[in-house]
Amino acid sequence: MTKKPLLLGAHCADTGGIPMAAKRAGRGGMQALQIFSAIPKFYNDKVSVKPDRIARFQAALAEAGIDPAHVIVHAGYVLNCATPDEVKWERASVALAKELERSTALGVGGVCFHPGAATDGDRDAAIARVSEAMKRALLAVPDGSTRLLIENTAGAGTTVGRTPEEVGGMLSALPKALRKRAGYGLDTCHLYASGYDLANSRQDVTAVLDAFEAATGESPSFLHLNDSEGALASNKDRHARIGRGEIGEDAFGWLLQDERARGIPCVMETPQENGEPAEDDDTPDRWDVEDLALLRALSER
Ligand SMILES: [Zn+2]
Ligand SMILES: [Zn+2]
């Protein structure tokens, strides 16, 4: 049996438009890419993506040699599909459906989102509300191969989706017919910040993947490869460059050597040297390129 390929990439700057993000990824030798489909600090619950933008993005991906299935769209940060506030929940769930609609139109493999916070402290009810919002989004966008993916959180405040059980709970409450169009991904910084000691040993990394697999019935559909500025269990969501944070580079080697890291987008969301390149500059970020080379080397150790 041949090994699945390792698909490494980054969340690339989209100044000049998302086709420019694809060009930067291609020039950076990436096999995977993450983008926003709209400005992430807004709900964008009425924003659609225009056909010419879709065509230009897909053409840029083709030129970059990146399979659209290996592209992840990151949903807006403001969406809180766990909130007990009915008005906010309604808006967040409409916005989540819009995210899935835009991502499906772009033809990408998945759209990832942060599940949100149980601001009233009732975590079980919050988890049920996340499932309900996911169900609505999947029903609102019945066609297409883009999957709706939960991202594990750093565990700050009352955020839900920190543990395998919470992520598993969100997925298992979905109607069976929709379940295969949903999944989850793991962010290494969030794992570490929420108390999973990836830095300790290969066995610990394997155990985390095993626990999420046992609770959800599947392996992750993407990885966010971020080192952590915050200490273990600090609940701080502060990303650091690979090997320059509290996690350290060994853990990334252990993770990437696991079969479950193969064939899925593995993208960095780490500090960049130049987060805002000129609109017509398709040069990949130098720090991203350096850290991708490091990750590739660690995976082959
Ligand atoms: Zn992330
Ligand atoms: Zn984060």
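# Exercises on a parallel barrel and its helices

In this predicted model, a closed barrel of eight strands runs in the order β1-β2-β3-β4-β5-β6-β7-β10, with parallel pairing. Neighbouring strands of this sheet are turned by 30 degrees against each other on average, direction ignored. Residues are numbered from 1 along each chain as its sequence is written, and chains are lettered from A and ligands numbered from 1 in the order in which they are written. Because the model is predicted, local features need pLDDT of at least 70 and side-chain atom pairs count only at pLDDT 80 or more, whereas totals for chains, interfaces and linings use all residues. Helices (H or I, at least four residues) and strands (E, at least two) are DSSP runs, numbered from the N terminus, and two strands pair if DSSP finds at least two bridges between them.

## Exercise 1: following the strands

Determine which strands pair with β1, and trace the pairing onward from β2 to β4.

Step 1. Begin with β10 (residues 265-268), with which β1 pairs in the parallel sense over four bridges; here Leu8 stands opposite Cys266.

Step 2. Turn to β2, which runs parallel to β1 and is joined to β1 by three bridges, with His11 opposite Gln34 of β2.

Step 3. Continue from β2 (residues 32-35) to β3 (residues 71-74), a parallel pair joined by three bridges, in which Ile35 has Val73 as its bridge partner.

Step 4. Finish with β3 and β4, again parallel and joined by three bridges; Val73 stands opposite Val111 of β4.

## Exercise 2: burial and side-chain direction

Decide how well β1 is covered, and sort the residues of β4 by the way they point.

Step 1. A residue is buried if 20 or more other C-beta atoms, placed from the backbone, lie within 10 Å of its own, exposed if 12 or fewer do, and partly exposed in between. By this rule five of the five residues of β1 are buried, and the strand is mostly covered.

Step 2. In a regular strand the side chains alternate between the two faces of the sheet. In β4 (residues 110-113), Gly110 and Cys112 point one way while Val111 and Phe113 point the other way, and all are buried.

## Exercise 3: two crossings of α4

Classify the crossing of α3 with α4 and that of α4 with α5, and describe the residues that make each contact.

Step 1. Axes are lines fitted to C-alpha atoms, for helices over the stretch in contact, and angles run from 0 to 180 degrees between N-to-C directions. The axes of α3 (residues 86-106) and α4 (residues 123-140) come within 8 Å and cross at roughly 45 degrees. That makes α3 oblique to α4, since angles under 35 degrees count as roughly parallel, over 145 as roughly antiparallel, 65 to 115 as roughly perpendicular and the rest as oblique.

Step 2. The contact (C-beta atoms, placed from the backbone, within 7 Å) involves Trp89, Ala92, Ser93, Leu96, Ala97 and Leu100 of α3, together with Arg129, Ala133, Arg136, Ala137 and Ala140 of α4. These residues divide into eight nonpolar, one polar and two charged, where Ala, Val, Leu, Ile, Met, Phe, Trp, Tyr, Cys and Pro count as nonpolar, Asp, Glu, Lys and Arg as charged, and the others, Gly among them, as polar.

Step 3. For α4 and α5 (residues 164-172), the packing angle is about 40 degrees and the axes are 8 Å apart, and the two helices are therefore oblique to each other.

Step 4. This second contact is made by Ile127, Val130, Ser131 and Met134 of α4 and by Glu166, Gly169 and Met170 of α5; by class, the contact has four nonpolar, two polar and one charged residues.

## Exercise 4: positive phi in loops

Locate Asn44 and Ala233, and state the phi and burial of each residue.

Step 1. Most residues other than glycine have a negative phi. Asn44, in the loop between β2 and α2 (51-64), has a positive phi near 55 degrees, and is buried because 20 other C-beta atoms lie within 10 Å.

Step 2. Ala233, in the loop between β8 (227-228) and β9 (239-240), likewise has a positive phi, near 60 degrees, but is partly exposed because 13 other C-beta atoms lie within 10 Å.

How values were computed. Contact = placed C-beta atoms within 7 Å.
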